[in-house]
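Here are my notes on the model you sent. Please read them with the structure open.

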Amino acid sequence: DKSRSAKTRGTPTYQLEGVLCDADLFRRLRLRGQATQNGIDNLEAALALVTGRPFDQRRPGGWNWLTLTGIDSHITCAIVDVAHLIAAHHLGAGDPSRARIAAETGVLATPLDVIPRLDLAAIAKAEGHHREALRIVRDEVCGVADDDGLPLDLDERAGTVISRLGFFDRADAIV
C-alpha cells in the first residue's frame with residue numbers, strides 16, 4: 001500500500017522497478033539483432049529464452065492484467081518473427097539443422113501459426129524430404145480447421161510461400 005502504483009490506484013499493489021523480465025530481455029535482444037548487420041547471435045539469444053507459449057504458466061486468476069496490455073500477443077508475434085528470421089538465415093546458409101531448431105521453437109510458442117510450419121516445410125524440402133514437406137503443407141497448414149470445423153483462410157503471403165515450395169501442380173490443388 002506504500003508503492004507509487006498503490007497510491008495512484010488507491011489499492012495495494014506490488015510494484016517492481018529496475019527489474020528485467022524475460023519478455024523485456026527478448027525485446028532488447030531482438031532490437032539489437034535487427035539493428036546490426038550480423039545480429040543473428042542476438043536473435044538466437046532472444047529465441048533461446050522461449051520455452052513455450054508466452055505467459056502460459058500463469059497461476060489461476062493471476063496476471064489477468066496482461067490481457068489488457070496485449071503484451072502476450074505482441075511477444076507471440078515477435079517470437080514468430082525472430083524464429084522465421086533465424087530459420088531463413090540458416091536455411092540460406094545451408095544449415096537446415098539450425099533452421100529447424102528455430103522453426104520448432106516458433107511452433108512451440110504458437111502452435112497454430114502457419115509461418116513456423118511453412119519454415120519446417122521449407123527445411124524438410126531443403127533436406128530432400130519432399131514427402132514430409134508436402135505432408136506439413138497439406139496437413140498442418142492447408143488442412144487446419146477453425147473452431148467451427150471450416151478450413152482456415154490462408155493469407156496471400158502463405159499462398160505465395162506454398163507456391164514457391166512448388167507443391168502446386170495446378171492452380172487449385174496441392175499434390
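Leaving aside its neighbours within four places in sequence, which residues is Phe26 in contact with? Keep in mind that this is a predicted model.

1. **Phe26.** Start with the answer. Beyond its neighbours within four places in sequence, Phe26 is in contact with Ala46, Leu47, Leu49 and Val50. Phe26 is also in contact with Ala78, Ile79 and Val82.

2. **The nonpolar core.** The largest nonpolar core has 36 residues. Those with the most contacts inside it are Phe26, Leu47, Ile79, Ile86 and Leu118. Two or more residues each come from helix H2 (22-35), helix H3 (40-48), H5, H6, H7, helix H8 (130-142) and H9. H5 provides the largest share of this core, with eight residues. As background, nonpolar side chains tend to be buried together in soluble globular proteins.

3. **Thr105.** This residue, Thr105, sits in helix H6, which spans residues 96-109. Is Thr105 buried or exposed? Thr105 counts as buried because its relative accessible area is 14%, and buried means under 20%. Neighbours within four places in sequence aside, Thr105 touches Leu47 and Val50. Both Leu47 and Val50 are also among the contacts of Phe26.

4. **Thr76.** Helix H5 holds Thr76. Outside its neighbours within four places in sequence, Thr76 is in contact with Pro54, Ala109 and Thr110. How far apart are the C-alpha atoms of Thr76 and Val50? The separation is 9.9 Å, for two residues 26 apart along the chain.

5. **Cysteines.** How many disulfides does the structure hold? The count is zero. Cys21 has a relative accessible area of 36%, so Cys21 is classed as partly exposed. Cys77 is partly exposed too, with a value of 49%. The class runs from 20% to 50%, which means that both values fall inside it.

6. **The second largest pocket.** Its volume is about 220 Å³. The lining of this pocket has 13 residues. Nearest the pocket centre lie His84, Asp119, Ala122, Val161 and Arg164. Which helices each supply at least two residues of the lining? They are helix H5 (71-92), helix H7 (114-126) and helix H9 (156-165). H7 gives the most, with five residues. By class, the lining of the second largest pocket has nine nonpolar, three charged and one polar residue.

7. **Where to look again.** Look at H5 once more. H5 gives eight residues to the largest nonpolar core. H5 also supplies at least two residues of the lining of the second largest pocket.

Conventions: Residues are numbered from 1 along each chain as its sequence is written. This is a predicted model: local features need pLDDT of at least 70, side-chain atom pairs count only at pLDDT 80 or more; totals for chains, interfaces and linings use all residues. Side-chain values use heavy atoms; hydrogens and water are left out. On a 1 Å grid over the protein atoms alone, a cavity is a set of points where a 1.4 Å probe fits but cannot get out, and a pocket is an open set with protein on both sides within 12 Å along at least five of seven lines; lining residues have an atom within 4 Å of a point. Grid points are joined across faces, edges and corners, and a volume is the space filled by probe spheres set on the points. Helices (H or I, at least four residues) and strands (E, at least two) are DSSP runs, numbered from the N terminus. Ala, Val, Leu, Ile, Met, Phe, Trp, Tyr, Cys and Pro count as nonpolar, Asp, Glu, Lys and Arg as charged, and the others, Gly among them, as polar. Buried means under 20% relative accessible area, exposed over 50%, partly exposed in between (1.4 Å probe, protein chains only). Contact means heavy atoms within 4.5 Å. A nonpolar core is a set of buried Ala, Val, Leu, Ile, Met, Phe, Trp, Tyr and Cys residues joined through side-chain atoms within 4.5 Å. A disulfide is a pair of cysteine sulfur atoms within 2.5 Å.
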